[in-house]
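Reader: Before terms such as buried or exposed are applied to a model, the basis for each should be set out. Please justify each label in turn.

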Amino acid sequence: MSVKPRQPAPKLEVRTVDGDTWNLESSRPAAFTMIGAYRSLHCAMCKNYLGELEAKLPAFEKLGVEVIAVSVDSAERAARAKAEWGLARMRVGYGLSIDTARQWGLFISGAQKESETDEFSEPGLFLVKADGTLYTASIANTPWARPPLDQMLECEVV
């Protein structure tokens, strides 16, 4: 399945490191839900990008954007990412299935090193309108191709 702006976003439900279940259908942002799919605990570029997003959370929240980072990682690996990467305020979801990642159009990669998860999704950043319609999708097949967060805030795209 290929995700397309102006179409309903695929279903998404994950457990969070904080012990809750997060569901896109139940999400009630003032403007948008931002879903940041990250590769896994092993990814240093994900650490940097999510660290930057963590620092900009207040600016996004001011614009009515609810943010969640999700990955295929286990609860333990996601908790380590949240703690080791300093994501104190960010909601971090785990257990994204490979099938769901594919429904969102994410590229799937296999482990190249022992520290990597057997299969994981490459990064993606999605904005979903409050009515559940996909507004924008940025999907990468490499760890470094990600939308500049400052540009999103400067243009008040959100």
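**Reasons behind the labels**

Reader: Why is R6 called exposed?

Author: This is a predicted model. R6 has a relative accessible area of 74%, and the term exposed requires over 50%, so R6 is exposed. R6 is found in the segment before β1 (13–16).

Reader: What is notable about the phi of R6?

Author: Phi of R6 is near 70°, which is a positive value in a residue that is not glycine. Most residues other than glycine have a negative phi.

Reader: Why does L96 count as buried?

Author: The relative accessibility of L96 is 5%, and buried means under 20%; therefore L96 counts as buried. L96 sits in the loop between β5 (91–94) and α3 (98–103).

Reader: Which residues are in contact with L96, leaving aside its neighbours within four places in sequence?

Author: They are L12, V14, V70, S71, V72, A101 and L106; a contact requires heavy atoms within 4.5 Å. As for S71, its C-alpha atom is separated from that of L96 by 5.4 Å, although the two residues are 25 apart along the chain.

Reader: Are C43 and C46 buried or exposed?

Author: C43 has a relative accessible area of 3% and C46 one of 0%. The cut-off is under 20%, so C43 is buried and C46 is buried.

Reader: How many disulfides does a search of the whole structure find?

Author: The search finds zero disulfides. A pair of cysteine sulfur atoms would have to lie within 2.5 Å to count as one.

Reader: What is the secondary structure of the protein?

Author: The protein has four helices and nine strands, and along the sequence they follow the pattern β-β-β-α-β-α-β-α-β-β-β-β-α.

Reader: What makes the protein as compact as a globular protein of that length?

Author: Its radius of gyration is 14 Å, and the globule rule gives 15 Å for 158 residues; the two values are close, so the protein is as compact as a globular protein of that length. The C-alpha trace spans about 40 × 35 × 30 Å along its principal axes.

Reader: What share of the residues counts as buried, and what share of the contacts joins residues at least 24 apart?

Author: Of the 158 residues, 48% count as buried. Among contacts between residues at least 6 apart in sequence, 66% join residues at least 24 apart.

Reader: What supplies the exposed area of the protein?

Author: The protein exposes about 8000 Å², and carbon and sulfur atoms supply 47% of that area.

Conventions: Residues are numbered from 1 along each chain as its sequence is written. This is a predicted model: local features need pLDDT of at least 70, side-chain atom pairs count only at pLDDT 80 or more; totals for chains, interfaces and linings use all residues. Side-chain values use heavy atoms; hydrogens and water are left out. Helices (H or I, at least four residues) and strands (E, at least two) are DSSP runs, numbered from the N terminus. The radius of gyration is taken over C-alpha atoms; the globule rule is 2.2 Å times the number of residues to the power 0.38. Buried means under 20% relative accessible area, exposed over 50%, partly exposed in between (1.4 Å probe, protein chains only). Accessible areas come from the Shrake-Rupley method with a 1.4 Å probe; for residues, only the protein chains shown count as cover.
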